[in-house]
Protein chains: 2
Amino acid sequence: MTLKDLAQLLGLSPTTVSRALNGFPEVAEATRRRVEAAAAAQGYRPNSQARRLATGRAMAIGHVIPLSTQHEMVNPVFADFIAGASAVYARAGYDMVLIAVADADQTRAYRALRAQGNVDGVIVHGPRAGDPRIALLTDLGLPFVVHGRASGVDLPYAHVDVNSARAFERATRFLLDLGHRRIALVNGLEEMDFALRRRRGYERALVERAIVPDPRLLISGEMTEAQGYDAARRLLARADPPSAFLTSSLLSAMGVRRALWDLGLEMGRDVSILTHDDELGYFRNGAEEPIFTATRASVRIAGRRCAELLLAQIATPGAPPVAELIEAVLVVGASTGPAPGAPP
Amino acid sequence: MTLKDLAQLLGLSPTTVSRALNGFPEVAEATRRRVEAAAAAQGYRPNSQARRLATGRAMAIGHVIPLSTQHEMVNPVFADFIAGASAVYARAGYDMVLIAVADADQTRAYRALRAQGNVDGVIVHGPRAGDPRIALLTDLGLPFVVHGRASGVDLPYAHVDVNSARAFERATRFLLDLGHRRIALVNGLEEMDFALRRRRGYERALVERAIVPDPRLLISGEMTEAQGYDAARRLLARADPPSAFLTSSLLSAMGVRRALWDLGLEMGRDVSILTHDDELGYFRNGAEEPIFTATRASVRIAGRRCAELLLAQIATPGAPPVAELIEAVLVVGASTGPAPGAPP
DNA sequence: CTGTTTTGTCAAAGCGCTTTGAAACGACTG
DNA sequence: CAGTCGTTTCAAAGCGCTTTGACAAAACAG
């Protein structure tokens with residue numbers, strides 16, 4: 001069933017049918033109703049390829065997910081981000097196209113996307129410091145929104161990010177206030193911009209209290225349960241072990257917790273844990289009451305906002321890029337307590 | 001830069017340029033080289049919408065991910081599945097389109113996909129017993145591959161699944177051989193077909209040894225850390241607690257492990273845990289040596305096979321549907337041991 | 001009742017590509 | 001050297017839609 005068929009069936013021209021279905025004003029109300037009824041009855045759906053070619057709009061948003069060859073892993077927050085974004089796209093009639101690209105091919109991939117015109121815009125995932133993709137996309141004139149930020153990029157660009165530095169600064173202060181002086185940071189890969197920011201926030205809070213950050217308390221790596229476990233085992237075996245751990249993900253926090261158990265230490269009493277929590281749907285930090293004290297910010301909401309910003313940008317090409325910073329909430333759970341031996 | 005532009009530039013007709021670039025034989029080798037060089041120099045990329053309209057092929061695969069409104073969560077295995085599938089699509093020049101659809105709209109969504117023609121085929125995720133989508137898609141004539149199976153569907157349909165029943169049967173036998181008699185099953189939501197199959201395998205192994213499955217040892221729910229924890233706390237508080245837990249996911253297993261710690265029980269000695277492991281990239285079961293004894297089958301590989309089967313099906317429309325069963329491997333870790341008090 | 005506007009409809013062009021059918025050109029055959 | 005054939009190229013049609021510009025028909029004004 002094509003537009004032409006439907007038009008013929010109704011004794012109308014394709015023009016009128018098209019206009020009727022697309023809500024143009026210059027079509028008689030009676031005709032519109034007749035057309036709509038026939039379309040529904042016939043189960044008519046405009047062919048999207050044809051429509052796209054005719055309008056010049058792809059009605060699709062690309063998500064380019066970087067696949068590092070070394071650690072070829074799809075970020076686990078991705079699923080939740082997607083869930084947030086897809087609802088927005090669905091409502092606006094956009095498709096969501098996933099494009100997994102090896103790190104080395106990024107530039108080529110974006111150029112191809114632009115030239116082939118199969119997306120109207122892209123979401124940039126996993127930005128790094130000075131990420132070249134921002135300049136590239138700006139140059140290509142392909143609308144984009146970055147999930148996160150890229151330090152050292154001067155150009156203005158649209159992005160949605162959690163205020164990581166602030167969150168980790170507050171988290172560190174919270175631990176300092178509890179009397180902790182040796183606080184370990186179990187961070188993500190510091191190639192990633194968010195990890196850098198988190199570190200900066202952590203260091204800022206320490207310096208503010210005249211504590212020199214100890215590089216031996218800094219761990220950086222893939223945020224897994226094993227990472228947290230290994231880090232904690234290693235650091236707690238030292239002569240001057242940390243009394244608190246600040247971790248970048250719930251998984252890492254769980255790893256630290258396991259290490260504490262192995263060592264017969266009690267979480268929240270002997271050693272404190274404070275983690276960042278992305279509020280992943282399948283991985284909650286306790287139901288009512290949080291298990292871990294955490295800085296909390298929903299990745300799903302970030303996904304939604306990214307999508308909304310991108311669609312707005314596509315709708316209004318001239319507008320200046322919008323940036324949005326999400327403040328994390330510090331929720332107190334059972335994993336933190338006063339540093340052992342600290343004055344009350 | 002359009003095909004016409006490029007043709008004009010070369011003093012050739014669009015026809016010839018098109019054929020040269022698409023590898024048709026009736027073009028002189030010298031001309032082809034000339035065209036290819038010019039295309040590369042100009043950075044020419046055929047507009048995908050136009051190509052799609054002309055060829056009638058969408059060059060895209062749809063992944064419809066069901067979003068239950070109650071527990072609106074994207075399955076965490078999804079990210080890994082995608083990673084496996086996307087590599088296949090990329091190599092074949094296909095796009096991957098994600099379509100998140102509320103449960104209620106499934107039928108409408110598939111019909112729309114078909115009528116709009118924006119995908120050449122779909123992967124069906126999260127099949128349930130007697131899943132109506134299989135009949136619907138067969139009826140629509142839209143090529144599809146199911147990730148998993150749907151009990152009670154008679155039609156032949158292409159699918160890739162782990163032999164869950166067999167895996168859980170073997171896992172249960174393994175525990176029985178260690179002397180365990182009360183074995184709890186912490187399963188996924190039993191609306192899902194794979195959960196049903198796992199249960200069947202578990203029950204089969206018990207019955208085989210003349211043990212009547214105790215319904216009080218059956219837990220079914222969202223596979224989270226909290227689920228495992230809650231289930232274990234509840235069951236271990238009983239007068240007749242289980243001596244072993246069989247869980248459907250590493251997350252649940254971790255929850256059970258936490259409960260053991262809370263109760264001062266040692267994993268692998270006082271209580272055993274055996275879990276299924278999807279080998280998610282960001283969530284490994286130990287680096288060299290597995291932490292948990294597990295039935296292991298990679299979701300990523302399932303994703304890859306699904307994609308390959310679907311592309312093959314699209315390439316050869318007449319062919320009968322292919323099914324593929326992946327056998328899980330039973331890897332022995334530190335989480336299992338002889339049942340306490342059992343004869344050696 | 002004529003002239004002007006508004007309203008509703010349509011034919012035709014165009015989006016950028018593929019593909020069909022025909023034509024031009026040498027090369028080969030008898 | 002005419003006739004045939006294989007090779008290479010092209011003009012034109014078509015994919016299914018949107019959109020421009022024109023045109024009747026109806027509504028209004030003078």
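Modeller: A polar contact is a pair of N or O atoms within 3.5 Å. Keep that cut-off in mind for this predicted model.

Colleague: What makes A:Thr15 and DNA strand D a polar contact?

Modeller: An N or O atom in the side chain of A:Thr15 is 3.2 Å from a base oxygen of DNA strand D. The limit is 3.5 Å, so the pair counts.

Colleague: Which atoms of B:Thr15 and DNA strand C face each other, and at what distance?

Modeller: A side-chain N or O atom of B:Thr15 and a base oxygen of DNA strand C, at 3.3 Å. That value also lies within 3.5 Å, so it is a polar contact.

Colleague: What about the phosphates of DNA strand D?

Modeller: A:Asn47 uses a polar backbone atom, 3.1 Å from a phosphate oxygen of DNA strand D. B:Thr31 uses a side-chain N or O atom, 2.8 Å from a phosphate oxygen of that strand. Each distance is within 3.5 Å, so each is a polar contact.

Colleague: And the phosphates of DNA strand C?

Modeller: A:Ser13 brings a polar backbone atom to 2.8 Å from a phosphate oxygen. B:Asn22 brings a side-chain N or O atom to 3.0 Å from a phosphate oxygen. Set against 3.5 Å, these two pairs therefore count as well.

Colleague: Why are A:Leu3 and A:Tyr44 called near DNA strand D?

Modeller: A residue is near a strand if one of its heavy atoms lies within 4 Å of it. DNA strand D has 26 residues around it, and A:Leu3 and A:Tyr44 are among those that come nearest. A:Ser18, B:Thr15 and B:Thr31 are the others in that nearest group.

Colleague: Which residues are closest to DNA strand C?

Modeller: A:Thr15, A:Thr31, B:Leu3, B:Ser18 and B:Tyr44, out of 26 that surround DNA strand C. Of the strand C atoms within 4 Å of the protein, 60% are sugar or phosphate. For DNA strand D, sugar or phosphate again makes up 60%, and bases make up the rest.

Colleague: Which helices supply at least two residues each to the surface near DNA strand D?

Modeller: Helix H2 (14–21) and helix H4 (48–55) of chain A, with H2 (14–21) and H4 of chain B. H4(A) gives the largest share, four residues. Near DNA strand C, H2 and H4 of both chains again each give at least two. There H4(B) has the largest share, four residues.

Colleague: How many residues near DNA strand D are nonpolar, polar and charged?

Modeller: Eleven nonpolar, eleven polar and four charged. The surface near DNA strand C divides into eleven, eleven and four in that order.

Colleague: Why is the space of about 710 Å³ called a pocket?

Modeller: A pocket is an open set of points, while from a cavity the probe cannot get out. This space, about 710 Å³, is the second largest pocket, so it counts as open.

Colleague: Which residues are closest to the centre of the second largest pocket?

Modeller: A:Gln116, B:Ala90, B:Gly93, B:Tyr94 and B:Asp95, out of 27 that line it. Asp counts as charged, so B:Asp95 falls in that class. Ala and Tyr count as nonpolar, which puts B:Ala90 and B:Tyr94 there. The whole lining has 14 nonpolar, six polar and seven charged residues. Chain A's strand E2 (95–102) and helix H6 (106–116) each supply at least two of the lining residues. Among the suppliers from chain B is helix H5 (77–92).

Colleague: What makes E6 and E8 of chain A a pair?

Modeller: Four parallel bridges join E6 (183–187) and E8 (244–247). At least two are needed, so they pair. A:Ala184 stands opposite A:Phe245 in E8(A). The open sheet they belong to runs E7-E6-E8-E9-E10-E12 in chain A, with mixed pairing.

Colleague: Why are E7 and E12 of chain A edge strands?

Modeller: Each pairs on one side only. Neighbouring strands in this sheet are turned by 15 degrees on average, direction ignored.

Colleague: How many strands does the sheet ordered from E11(A) to E11(B) have?

Modeller: Twelve, in an open sheet with mixed pairing, where E2(A) sits beside E2(B). E11 (323–326) of chain A and of chain B are the edge strands. Neighbouring strands here are turned by 20 degrees on average, direction ignored. E5(A) and E11(A) run parallel over four bridges, with at least two required, so they pair. A:His159 stands opposite A:Ala323.

Methods:
Residues numbered from 1 in each chain as written. Chains lettered and ligands numbered in written order. Predicted model: local features only at pLDDT ≥ 70, side-chain atom pairs only at ≥ 80, totals over all residues. Heavy atoms only, no water. 1 Å grid on protein atoms, 1.4 Å probe; cavity = no way out; pocket = protein on both sides within 12 Å on 5 of 7 lines; lining within 4 Å. Points joined across faces, edges and corners; volume = space filled by probe spheres on them. Axes fitted to C-alpha atoms, helices over the stretch in contact; angles between N-to-C directions. Polar contact = N/O pair within 3.5 Å; in protein donor to acceptor, adjacent residues only side chain to side chain.
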